[in-house]
Amino acid sequence: MPDGAAPQNSDASDPTVLDVRDLKTVFRTRRGEVHAVNNVSFHLRAGELLGVVGESGSGKSVTMMSLIRLLPMPPAEIRAGVVDFDDMDLMQASEDQLRAIRGARIGMIFQDPMTSLNPVFNVGYQLMEPLRKHMGLGKEAARKRSVELLELVGIPDAARRLKDYPHQFSGGMRQRVMIAIALACDPKVLIADEPTTALDVTIQAQILELVKELRQKLGMAIVWITHDLGVIAGIADRVMVMYGGQVVEEAPVRELFANPKHPYTRMLLETVPSLSGERNDRLQVIQGQPPMLARDPDSCAFRDRCPHAFDRCAAENPLLRDVGPDGHRAACFWDGDTQGEEAVHA
Amino acid sequence: MPDGSTAPRKLVEVRNLRMYFPIHTGLLRTHTGDVKAVDGVNFDIYEGETLGLVGESGCGKSTCGRAVLRLYDPTSASIKIDGVELAWANDDARKIDAAARRIARNATYSVMILGVVLIAVLAVQFEAMARFPIVLLQAAVLIALGLLTFFLTRNMLRKSRARAAGISEADFAPTENDLRRMRPTMQMVFQDPQASLNPRMTVAGIIGEPLSEHTQLSTTERNDRIYELMDAVGLNRDFANRYPHEFSGGQRQRIGIARALALNPKFIVCDEPIAALDVSIQAQVVNLLEDLQEKFGLTYLFISHDLSMVRHIADRVAVMYLGKVAELAPRDELFNDPLHPYTKALLSAVPEPDPVTHDTAERVILQGDVPSPSNPPQGCNFCTRCPAVMDICRSEDPEMKEVRPGRFVACHLHS
């Protein structure tokens with residue numbers, strides 16, 4: 001496995017804030033093991049927005065939950081991996097050390113703001129909790145900071161709304177509250193797990209605009225998990241594509257969309273119809289189903305659905321290798337040129 | 001696709017569709033307001049075409065789809081499918097029917113109360129009348145009398161008032177039984193294939209249920225038809241005796257589609273059929289729907305919030321906002337040159353999977369949230385968020401107008 005932190009990007013000047021190497025997570029179920037995350041390595045630079053794309057079950061959320069060890073640990077088991085954050089290996093950190101990191105130096109935003117906010121506490125209480133626990137602020141100071149935070153995320157009449165309960169907010173406003181909570185302690189890294197998936201497009205556009213604005217103001221590094229390639233195109237600096245619990249491609253955003261190398265990425269980009277541009281009579285289809293992940297992968301996970309698969313794909317699991325400029329890497333044996341574009345469209 | 005060559009036939013005609021859900025509050029559950037989920041929607045669907053119905057969550061698009069199939073009892077509407085009226089051809093007929101029902105109900109209550117008092121008096125006066133089987137008999141007679149009163153009063157009132165207003169009996173909405181007979185022509189594919197398939201029925205049972213409800217096929221004929229349908233939607237015949245949980249999301253949606261096809265419908269309402277599926281599976285299901293449309297000449301009402309998918313599948317598109325249609329136009333016109341400010345904002349909010357256009361595209365970011373449908377704003381329902389709002393918008397509700405052939409817009413900017 002090549003070293004995930006190899007600084008090859010053009011903006012390599014920024015220091016790496018989060019470095020994950022060979023992370024491996026397995027769920028033990030009654031029907032056997034599920035290999036959800038297989039040797040995932042990646043790094044995140046200060047101020048960067050890393051987009052993580054994949055279908056459901058591709059391991060994108062489990063990877064992020066594993067690295068802050070938020071998974072319920074009897075069914076889940078982290079078999080291997082090193083996560084460097086703040087001169088510390090999070091895999092070796094004690095529960096107390098982790099608690100001091102989660103919510104403070106690593107903030108989190110989850111998909112559904114209704115289920116991740118506690119319905120029986122008002123929003124002010126939930127905003128002030130991290131401020132008082134992590135930053136040791138007093139009640140008054142915490143309240144003042146909460147009002148600032150709500151104003152920062154664009155909630156009008158912030159001081160009064162502190163007393164409101166989550167159900168009194170609309171979906172978009174609730175997600176703004178979640179963002180405010182995640183930002184409360186000035187995190188270095190923000191993990192956003194499908195933060196706009198549950199929202200309508202016009203509200204999603206508002207939230208995306210807000211995140212862009214906040215990045216400029218606060219400059220934290222963000223990991224943005226989504227299955228929506230459109231969102232990624234608009235917001236990410238670098239993109240990581242996951243499939244079957246593995247990273248199959250990694251590249252700066254423009255490079256990835258202009259020049260996708262892995263067959264899965266290529267087909268994924270073609271299956272999504274676009275609003276502008278040409279309208280095809282038929283949609284490109286990726287035949288078959290996502291893999292079951294019952295075994296430790298010893299062959300390419302995309303092999304069964306791949307139009308370019310050949311003998312080697314069944315014999316060994318491809319590792320990420322350099323395929324283009326600026327740290328563009330893909331995990332595929334196919335070199336892309338032998339059969340040309342027609343093969344993909346066939 | 002029906003594109004002008006010969007005048008296409010209107011298969012579905014919806015006029016003035018209103019679906020209000022009453023709000024009851026207080027100890028006595030008094031009727032204090034309505035959630036106006038759908039508030040005066042008009043559209044036609046031509047035979048063989050796909051009408052896309054788009055909008056944000058809560059705009060009433062699903063309610064609209066269900067009301068068109070009479071899965072709801074609409075507050076008012078005229079819905080014609082294949083020339084057959086499913087609701088109220090005549091709005092006066094609806095009012096007469098509602099009034100007749102109300103009076104008949106009150107008459108029934110009076111009869112019932114009188115009857116209970118009578119039974120009580122009899123029981124006190126005559127000991128023989130208070131014995132067990134006699135009381136039961138009295139109660140049965142009373143209930144029969146009550147039902148009789150209701151139907152007699154309702155029908156008499158309806159008939160006399162209809163005659164007075166010059167409305168024929170045919171203008172009244174079909175009864176539940178009549179509707180049931182019409183159901184084979186119109187079917188539905190639901191959003192969540194997990195929730196819309198009975199987990200305790202096999203695939204064959206699910207697909208075969210409409211057949212045993214509406215047809216008199218023999219067991220072998222029925223099985224043949226089930227296999228035929230499974231072939232049509234691309235399900236392996238060997239899976240006929242499996243249960244829904246054994247299938248993936250995309251395959252489950254195929255089961256739902258096969259069930260909808262079982263009775264050879266003409267019109268299918270697809271209510272967000274791909275929203276619960278993964279991107280790579282969505283394309284499979286959309287292609288299947290298109291193939292089936294071509295093969296069986298189906299007409300679709302395709303409800304979705306995914307604008308790029310609607311651009312792919314629909315021939316014409318209706319955009320809904322807060323219970324009303326804001327704009328209805330042929331697909332390419334709508335996407336290339338949206339007229340209503342809401343359509344413009346909606347289209348520009350969709351993130352394009354292309355980082356280059358992202359940096360250059362001009363975006364209309366709407367402020368605020370959608371108002372509550374129980375308390376819509378005065379005037380145009382988009383006036384609270386519209387970037388081009390004028391004074392007239394806050395006082396007058398714009399009417400739907402055909403501004404160019406085939407293009408309907410409800411906006412004061414285009415009137």
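Let's start with a helix: α1 (residues 61-68) of chain B lies across five strands of its chain, namely β3, β6, β7 (267-271), β8 and β9 (316-321). Helix α1 of chain B runs at about 155 degrees to β8(B). Keep in mind that you are looking at a predicted model.

A second helix of chain B can be described in a similar way. Helix α11(B) lies across β3, β9 and β10 (324-330) of chain B, and its direction makes an angle of about 100 degrees with β9(B).

**The sheet under the helices**

What order do the strands of the open sheet follow? Reading across the eight strands in chain B, you meet β6-β7-β8-β3-β9-β10-β12-β11, and the pairing is mixed. At the edges sit β6 (186-189) and β11 (401-404) of chain B, each of which pairs on one side only. Neighbouring strands of this sheet are turned against each other by 25 degrees on average, with direction ignored.

It helps to zoom in on one pair. Strands β3 (residues 50-54) and β8 (residues 299-304) of chain B pair in the parallel sense, with five bridges between them. Within this pair, Leu53(B) has Ile303(B) of β8(B) as its bridge partner.

**Empty space inside**

Now for the gaps. Rolling a probe the size of a water molecule over the atoms shows where empty space is left. In this structure there are four cavities of 30 Å³ or more. Here is how two of them compare by the class of their lining residues:

| Cavity | Volume | Nonpolar | Polar | Charged |
|---|---|---|---|---|
| Largest | about 110 Å³ | six residues | four residues | three residues |
| Second largest | about 70 Å³ | 11 residues | one residue | no residues |

Which residues lie nearest the centre of the largest cavity? Of the 13 residues in its lining, these are Ala205(A), Leu208(A), Lys212(A), His358(B) and Arg363(B). Helices of both chains take part: α8 (201-218) and α9 (229-235) of chain A, along with α11 (341-349) of chain B, each supply at least two lining residues. The largest share, five residues, comes from α8(A). Notice that α11(B) is also the helix that lies across β3, β9 and β10 of chain B.

The second largest cavity is lined by residues of chain B, including the cysteines Cys380(B), Cys383(B), Cys386(B), Cys393(B) and Cys411(B). Also in this lining are His340(B), Pro341(B), Phe382(B), Ala388(B), Val389(B), Met390(B) and Leu413(B).

Terms used. Residues numbered from 1 in each chain as written. Chains lettered and ligands numbered in written order. Predicted model: local features only at pLDDT ≥ 70, side-chain atom pairs only at ≥ 80, totals over all residues. Heavy atoms only, no water. 1 Å grid on protein atoms, 1.4 Å probe; cavity = no way out; pocket = protein on both sides within 12 Å on 5 of 7 lines; lining within 4 Å. Points joined across faces, edges and corners; volume = space filled by probe spheres on them. Helix = DSSP H or I, 4+ residues; strand = E, 2+ residues; numbered from the N terminus. Nonpolar A, V, L, I, M, F, W, Y, C, P; charged D, E, K, R; others polar. Pairing = 2+ DSSP bridges. Axes fitted to C-alpha atoms, helices over the stretch in contact; angles between N-to-C directions. Contact = heavy atoms within 4.5 Å.
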